[in-house]
Amino acid sequence: MALFFLVRSAFIIGFSIAKVDILSSCNNIGMSFISRKLLIKSRTESHLGPKLPSIFIGQPITIPVMSYSFKIIISSFKSERIFFLFMVRIGEATIKLESLTAIPSVFEPGSIPNSLFLGKIFNKNSSGLKIGIIDANRLPNKVKLNLWYERIKMSNNSIVDIPTVNKIARLSRLDIPEDKKQNLTNDLNNILGFVANLEEVDTSNVEPLASVTGHKLPQRNDEVVDGNIEDLVLKNAPESSGGFFVVPKVIE
Amino acid sequence: MSELLKLDLLGASKALKAKSITSVELTNAYLTAIEKTSKLGAYLEIVSDHALEMAKASDKRLANNTSRALEGLPVGVKDMFCTKGIKTTASSKILENFCPPYESTVTQNLWNDGAVMLGKLSCDEFAMGSSNETAAKGNVINPWLKNINMSPGGSSGGSAAAVAARSALAATGTDTGGSIRQPAAFCGITGLKPTYGRCSRWGIVAFSSSLDQAGPLTRTVSDAALMLNSMASYDKKDSTSVNSLMPDLLSFLDKGVKGKKIGIPEEYTQEGISDDIVKFYQKSINWLKESGAEIIPISLPHTKYALPVYYIIAPAEASSNLARYDGVRYGVRKEAETLDQMYEQTRGNGFGDEVKRRIMIGTYVLSSGYYDAYYLKAQKVRRLIKEDFDNVFTNVDYILTPSTPTTAFQLGTKQDPLTMYLNDIFTVPASLAGLPAISLPVGLDNSGLPIGMQLIANAFDEPGLISTAKSLEQSAEFNFIADGVAK
């Protein structure tokens, strides 16, 4: 159980420090130039360095790019700092969540994300192209996205599957309709995957914390302090009779 | 806008005591404002007659000079507080007809101090959410932007929207992982979460009992002090209520920050914070420095584990607390053949998706074979997070952080539960450590949405928190008014 995500496609955010006027490069040089350059850089770095592959697990990975398309320019905040987005279809790669803000996020084709793009999703220390998964809600509102995506899946055969979800639903006494089970399973896996990074914390000599105030629970004498309010107790019951709550028959 | 609505809580209190206005006038002004701003959806229940009765009683006391701390001041109540004889739904379908036969301690304290109740305010279902979108009756609209429906934040979204839109003079909220501070930040108002144990949890619909804490949402820091003075109390009916007297917070308003040490945690300045918020974070640091505080860089190394810890502990406690909704004693029942089917269908039908998700997560992490790996582990890391704060508070008096990584987002844009959870990234650590924290508005971003800063204090140092927040408030001079106030 770990926080690794199997990714078959990724939104990739380029981050160039080249002094390029983005608008002119957009019109004159063209996107492919930048994207090609970045792609080459990413290939090189993935062979070379600890930097780019640090977000991957195990051996440095060459990202086998099956296809990619340059989609949009996100913004040019400053002339020397250009953000842009393109999508790469890669072979299967396992990506570790690098920071709390680099959360895998799925957005629907044709959706129009709002709020401002925040930038700085990736480790400041790495250079060139970084790969991660970005949050749709952090894209600028002027941008209309029509992106192709594939759902990100948990590796290690997921933490919970549908039979497990059935079991938890039963323990929770929750009726979950069949057509909602797959989505719920995915959500639970994402959440459980997210919380699983606690594993890396060494807690061998740590006592669990149950009460922040640390005070002892007060005790009182075992005396009736309230009573003779049968009507009030039953007032909100869906069904009551003769001073009792009524439930469906439990004895055959 | 009516002149009466321009008065803040403290101002209105003074005007009432000086007899230049009456509580009935003030209450009527708010009831009218509620009507005019009804499209925001902040109120679930409006109790006009009840409010006017209370206002009349207050006017009598004001007339014969027997007035109390909140005499005649009309406030709204988050629907998580049980109010005797007034519907309390926690924004859930399963409680849509629930009418408590008792009053929560916190609201009773308000009425004992003379406050006037306007009605019940919407929130995320069982306070589980950060956008007010999980409310059974639908979302609340943030009053700040005219043409775009932004989220007011959550879970106290109705409380924050009402105070920002001036349809309540102040409101109560509850905060489990940021449910007072995040909506306060999104709506450009002040929200204070006290130390765990300051306010009684008795009569508040339980979500996560080791984290839940009531607090005020107000227009100003002074108003927060005035409200918390009344809300806080030791209560034998809540076994985690702390028996330690809180001094009158109003007497700390003008103590300033001279010589105080303010910690700036390096872990809170990393990634994912919007540029405008970074800018105002720096400004706030400078303001405090100019007011005589000493700025000290600090480290809270376990910060990044706060959200994972929270999303184990809160759902675990929720799954246990929400076991009581079984269709037998109260709430809406879905009839079925057998008892088990009745439970399952009642709960499946009565709870919304987010609540069901959290019950499922909670049940899973508490279930046999997983308890140690998740719940116990989370409790251990929670101790490390608390120890981070304990260590830091030996060197500094207060901690300054942004309240949220972004300003308000548009309703309907965060579909993925995990993305939504990230909103609480700056508020959750103080909740896990049980510390008092306040969010106050310091500026607007480039789209005109408010930016909130959070100050965190050591346990039970609400007085110092108020002094520091007041100083920051004076420097920031935030006097913008939401677009959605009643014209």
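Okay, let's start where the two chains meet: chain A and chain B bury about 6700 Å² between them, and carbon and sulfur atoms give 66% of that. Buried area here is the accessible area, with a 1.4 Å probe, that two parts lose on being put together, summed over both. Three residues, L198(A), L209(A) and V212(A), supply 10% of the area that chain A buries against chain B, more than any other three.

A quick word on the ground rules. This is a predicted model, where local features need pLDDT of at least 70 and side-chain atom pairs count only at pLDDT 80 or more, while totals for chains, interfaces and linings use all residues. Residues are numbered from 1 along each chain as its sequence is written, chains are lettered from A and ligands numbered from 1 in the order in which they are written, and side-chain values use heavy atoms, with hydrogens and water left out.

So how many residues touch? On chain A, 69 residues are in contact with 80 residues of chain B, contact being heavy atoms within 4.5 Å. Chain A's side divides into 40 nonpolar, 16 polar and 13 charged residues. For that split, Ala, Val, Leu, Ile, Met, Phe, Trp, Tyr, Cys and Pro are nonpolar, Asp, Glu, Lys and Arg are charged, and the others, Gly among them, are polar.

Now, salt bridges. Side chains of opposite charge can pair when their charged atoms come close. To count, a side-chain nitrogen of Lys or Arg has to be within 4 Å of a carboxyl oxygen of Asp or Glu. The structure holds 20 over all chains, and seven of these run between chain A and chain B. One of them links R173(A) to D340(B), with the closest N and O atoms 3.1 Å apart.

Let's look inside chain B. D175(B) pairs with R181(B) at 2.9 Å between the closest N and O atoms, and both residues are buried. Buried means under 20% relative accessible area, exposed over 50%, and partly exposed in between, using a 1.4 Å probe and protein chains only.

What about E71(B) and R68(B)? Their side chains also meet in a salt bridge, 2.9 Å from N to O. E71(B) counts as buried because its relative accessibility is 2%, whereas R68(B), at 25%, is partly exposed.

Last stop: E473(B) and K470(B) form a salt bridge at 3.9 Å, N to O, and both are buried. Bridges that share partners also join R170(A), R173(A), D340(B) and E344(B) into one network.
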